[in-house]
Amino acid sequence: MHFNPINHGMNELIPNSGDYKKLLCYQKADVIFQITYFFCSNFLTKGDRTIDQMVQAARSGKQNIVEGIEAAPTSNKTELKLLNVAKASLKELLEDYEDFLKTRGFPQWEQGSREFEAMRNLGATHNDAQYFMNLISSRPPQTIANMAIILLNQADYLLYKFISKKSEEFLQSGGFTERLYNLRRKNRGY
């Protein structure tokens, strides 16, 4: 019997990775990227190396989620590695926003404060970048930095939960190699 991957087992071997744009962690990372681009373009001095570092960290957070999800059907190891790179990039960006506040003498919103709780609720209920871009368009830099910090902490939590879920799925079901082995055995009639 000849194995034809197009008609037999292709979806089992290489399942559709799904639409990464529907993932909350991706949506949050996209919001963070757009806010960061706006923030850096409007409030940091041209030529400041921090601009490139912040924009690249925000971009890396978003793009590594995309790359990880797209690599998942054939490499769970690559998927998990890239999701962790995304998480690390967003942590780096979090430090940059915190440093911005510290070096300029602006306070960071504390948990329980009116501003912190209002933003945490907004972040928990909205993942639309345009919504946040409308909010920040008339805000001062210290407010935008504080908003970004809360969104970054939410993205970190979402990525942690997603990575944990993906790790558990791998432990339970295996990955590409196991699927390949099982399909080969099935094709041979074992």
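Q: Which residues in H2 meet which residues in H3?
A: This is a predicted model. On the H2 side the residues are Cys25, Tyr26, Ala29, Asp30, Ile32, Phe33, Thr36, Tyr37, Phe39 and Cys40. They meet Ile51, Met54, Val55, Ala58, Arg59, Gly61, Lys62, Ile65 and Val66 in H3.

Q: How do the residues of that contact divide into nonpolar, polar and charged?
A: There are 14 nonpolar residues, two polar ones and three charged ones in the contact of H2 with H3.

Q: Where are H2 and H3 along the chain, and at what angle do they pack?
A: Helix H2 covers residues 24-43 and helix H3 covers residues 49-71. They pack at an angle of about 165°, and their axes are 9 Å apart.

Q: Roughly parallel or antiparallel, then?
A: Angles over 145 degrees count as roughly antiparallel, so H2 and H3 are roughly antiparallel to each other.

Q: And is the crossing left-handed or right-handed?
A: H2 passes H3 in a left-handed crossing.

Q: Stepping back, how many helices and strands does the protein have?
A: Eight helices and zero strands. Along the sequence the pattern reads α-α-α-α-α-α-α-α.

Q: What share of the residues is buried?
A: Of the 190 residues in the protein, 43% are buried.

Q: What about the exposed area? How much is there, and what share do carbon and sulfur atoms supply?
A: The protein exposes about 11100 Å². Carbon and sulfur atoms supply 51% of that area.

Q: Last one: among contacts with a separation of 6 or more, what share comes from residues 24 or more positions apart?
A: Residues 24 or more positions apart account for 77% of those contacts.

How values were computed
Residues are numbered from 1 along each chain as its sequence is written. This is a predicted model: local features need pLDDT of at least 70, side-chain atom pairs count only at pLDDT 80 or more; totals for chains, interfaces and linings use all residues. Side-chain values use heavy atoms; hydrogens and water are left out. Helices (H or I, at least four residues) and strands (E, at least two) are DSSP runs, numbered from the N terminus. Buried means under 20% relative accessible area, exposed over 50%, partly exposed in between (1.4 Å probe, protein chains only). Contact means heavy atoms within 4.5 Å. Accessible areas come from the Shrake-Rupley method with a 1.4 Å probe; for residues, only the protein chains shown count as cover. Axes are lines fitted to C-alpha atoms, for helices over the stretch in contact, and angles run from 0 to 180 degrees between N-to-C directions. Angles under 35 degrees count as roughly parallel, over 145 as roughly antiparallel, 65 to 115 as roughly perpendicular and the rest as oblique. A crossing is left-handed if the near helix is turned anticlockwise from the far one by less than a right angle, and right-handed if clockwise. Ala, Val, Leu, Ile, Met, Phe, Trp, Tyr, Cys and Pro count as nonpolar, Asp, Glu, Lys and Arg as charged, and the others, Gly among them, as polar.
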